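Here is an informal walk through one protein chain, with a few local details worth a look. Have the structure open as you read.

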Amino acid sequence: PRANALDRAFANRSSRTMGRNTEGEKIVEAGARSVAYKPLPPPTTTEGITQILFYQYVEPVWSARRQKQAIAEFHRLARENDVTGRGRIALEGVNCTLTAPPAGARRFCQGLRDWDPDLFNDTDFKLTDGVPAETKFKALTLKNTQELVAYGLGGERAPLLKQNTAKHLEADEYHKMLGDKDTVVIDVRNYYETCIGRIEPPKGGAEFLDPMMRNSREFPKWLNAPETKEKLKGKKVMMYCTGGIRCERATALLSQMERAEDELQTQGIYHVRGGIDRYLKTFPEGGYWKGRNYLFDLRGEQKPEEKPDEVVDQETTNACKDSYCCVCKAHYALYKGKHVCSNKECKVPVIVCDRCRKKAETELKGSLLCQLCERGHDLRALPLPDLVGQKRRLALAQGSDVNGAAKRAAKRDLEPARWVHVGKLPLTITADQVRAALAAGGSTVEWIADRDTGFFYGSAYVEFPTLEDAERAVERAREAPPRLGGRLSRVNFAPARAKDPARAGRVGERPPIPIAPGRA
């Protein structure tokens with residue numbers, strides 16, 4: 001029945017919905033949204049093949065047995081639907097670039113949803129129809145790897161995605177935020193990718209930051225550099241990459257560093273859902289994108305669908321100063337021939353123009369250098385952040401310990417009440433700061449002091465207008481503990497205070513300070 005439905009969709013495919021934003025730019029509204037938890041879109045053409053791009057992290061990670069089952073299911077669905085390509089299947093999830101006939105592509109994706117609905121209904125399958133048939137992969141290759149993206153953050157060093165405070169933005173929302181001041185946008189891709197195309201925010205909008213890295217392993221080192229942190233302080237931090245997967249770990253890493261380090265505080269972390277791929281499908285005239293999008297499949301590159309080649313070439317000349325042949329230094333923005341940097345510690349792709357190709361393949365083969373090696377730019381010697389230490393500090397701040405699971409569970413399951421307990425507050429805190437951190441408006445704040453000495457020991461009660469308000473505040477705090485005075489505070493319901501007025505604390509703008517022992 002599903003195959004028949006897909007066949008009917010072929011015959012009755014719908015046209016894309018077009019619109020224009022306030023700047024007059026064309027927007028493909030259907031392309032701006034994820035397909036997670038939605039029906040897969042029908043094919044837009046019967047010509048060529050369909051490319052499937054998707055990733056899906058798994059947390060908690062799969063067992064080795066479940067990973068083997070996933071690999072077997074991928075192979076089965078691929079055989080049945082003529083799917084080819086390459087993918088990485090790790091304990092932490094999957095990352096794939098595949099090709100298939102249009103109907104087979106939909107059946108493959110639906111098959112994964114049927115196999116594990118809780119996991120793959122959450123997956124944003126990016127389907128591109130009408131791709132030239134000659135770009136179809138010849139076979140399916142699935143690699144068993146430790147990481148989906150080689151950040152060097154496997155095992156206990158990996159930042160937890162479920163604690164990531166970053167927000168996904170749809171392509172049109174992301175486009176709008178690029179115009180905001182006090183904002184930075186980070187290209188999370190490798191420098192050789194950025195050389196031929198990147199986002200260029202509008203004047204007065206976000207500041208563009210390029211880590212200029214050879215590979216993803218260098219990103220944590222760049223992010224940990226004092227000068228990088230200084231640029232991020234007090235700013236909205238946006239990130240983007242090709243399809244979205246590199247931003248998942250990158251934003252989680254920044255989120256963990258922000259929560260663990262008092263001196264690194266942003267105004268929020270954001271990344272575009274579906275990456276550049278979805279951004280260009282949403283803005284077929286390019287939006288703020290300039291040049292070409294480097295691709296790791298047989299297409300090699302992607303450009304805005306409705307932007308002429310000569311305009312794209314001019315953009316790379318203006319916006320991408322390093323898009324030149326590594327031999328003759330003439331402007332060129334295409335990677336052809338699989339030429340790589342001769343530095344044994346680098347080996348990234350380099351650009352060679354048509355006129356210099358023969359020389360690059362013979363007499364100059366051992367002397368080709370990328371732009372970063374030409375300048376001596378190197379991030380490899382920079383120190384990594386202490387990711388394991390950060391996790392431990394965060395666990396301690398949240399009251400975690402090895403033997404306290406039952407105690408923590410009991411605390412989490414306290415009876416909901418309008419009164420909330422806030423712990424680990426500094427002496428210099430104010431009632432207004434507590435209200436702001438909990439979005440509590442004009443709620444009552446009571447400082448809890450020792451009955452005998454009158455000393456304030458870092459806790460307070462907050463009364464919310466309604467139970468729903470209190471529940472929202474506690475839920476937010478569990479996902480992202482509020483930072484007050486440089487500390488991560490604990491927040492939970494206070495049913496005992498709600499039931500017993502005798503437990504009331506002291507009301508005031510600041511915590512009580514005893515004048516003499518035993519007196520307040």
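Two strands count as paired if DSSP finds at least two bridges between them. With that in hand, and bearing in mind that this is a predicted model, look at V422, which stands opposite V491 in strand 22. Strand 17, residues 419-423, is joined to strand 22 by four bridges, and the two run antiparallel.

**The five-stranded sheet**

That pair belongs to an open sheet of five strands in the order 22-17-19-18-23, with antiparallel pairing. Strand 22 (490-493) and strand 23 (506-507) stand at the edges with a single partner strand each, so one side of each has no neighbour in the sheet. As a reminder, strands of a sheet pair through backbone hydrogen bonds, either parallel or antiparallel.

Two helices pack on this sheet. Helix 16 (residues 431-438) touches strand 17, strand 18 (444-449), strand 19 (456-463) and strand 22. Its direction makes about 115 degrees with that of strand 18. Helix 17 (residues 467-479) packs on the sheet too, touching strand 17 and strand 22, and its direction makes about 145 degrees with that of strand 22.

Now follow strand 18. Six bridges join strand 18 to strand 19 in an antiparallel arrangement, and T444 stands opposite E463 in strand 19. These two strands form a hairpin with six residues between them, and G454 in the turn has a positive phi of about 80 degrees. Strand 18 also pairs with strand 23, again antiparallel, over two bridges. There, E446 stands opposite V507 in strand 23.

**Nonpolar cores**

Which residues touch the most other members of the largest nonpolar core? They are I186, V188, F219, L223, L232, M239 and L254, out of 32 residues in that core. Strand 3, strand 9, helix 7, strand 12 (236-240) and helix 9 (245-260) each supply at least two residues of this core. Helix 9 gives the most, with seven residues. In soluble globular proteins, nonpolar side chains tend to be buried together.

I186 makes a good vantage point. Leaving aside neighbours within four places in sequence, I186 is in contact with L209, P211, F219, W222, L232, V237, M238, M239 and Y240. Apart from this core lies another one, of 25 residues, with F54, A70, L112 and F125 among them.

**A buried threonine and the cysteines**

T194 sits in helix 6 (residues 191-194) and is buried, with a relative accessible area of 4%. Its side chain makes a polar contact of 3.3 Å with the side chain of D187. Not counting residues up to four places away in sequence, T194 touches D187, R189, F208, D210 and C320.

C320 leads on to another topic: how many disulfides does the structure hold? The count is zero. C320 is in no disulfide, and the nearest cysteine sulfur, that of C195, is 7.8 Å away. C320 counts as buried, at 4% relative accessibility.

What about C346, and how far is its sulfur from the closest cysteine sulfur? That closest sulfur is in C370, 3.7 Å away, which is too far for a bond, because a disulfide needs the two sulfur atoms within 2.5 Å. C346 counts as buried as well, at 13% relative accessibility.

**Backbone oddities**

Two residues other than glycine have a positive phi, and here they are side by side:

| Residue | Phi | Loop location | Relative accessible area |
|---|---|---|---|
| D182 | about 55 degrees | between helix 5 (171-177) and strand 9 (183-187) | 49%, partly exposed |
| M212 | near 55 degrees | between strand 11 (207-209) and helix 7 (219-224) | 22%, partly exposed |

Both flanking elements that carry core residues turn up here: strand 9 follows the loop of D182, and helix 7 follows the loop of M212.

One more backbone feature is worth finding on screen. The peptide bond from E59 to P60 is cis, with omega near 0 degrees. P60 is placed in the loop between strand 3 (49-57) and helix 2 (64-81). Strand 3 has already come up as one of the elements that each supply at least two residues of the largest core.

How values were computed:
Residues numbered from 1 in each chain as written. Predicted model: local features only at pLDDT ≥ 70, side-chain atom pairs only at ≥ 80, totals over all residues. Heavy atoms only, no water. Contact = heavy atoms within 4.5 Å. Axes fitted to C-alpha atoms, helices over the stretch in contact; angles between N-to-C directions. Buried < 20%, exposed > 50% of the residue type's maximum accessible area, 1.4 Å probe, protein only. Core = buried A, V, L, I, M, F, W, Y, C linked by side-chain atoms within 4.5 Å. Polar contact = N/O pair within 3.5 Å; in protein donor to acceptor, adjacent residues only side chain to side chain.
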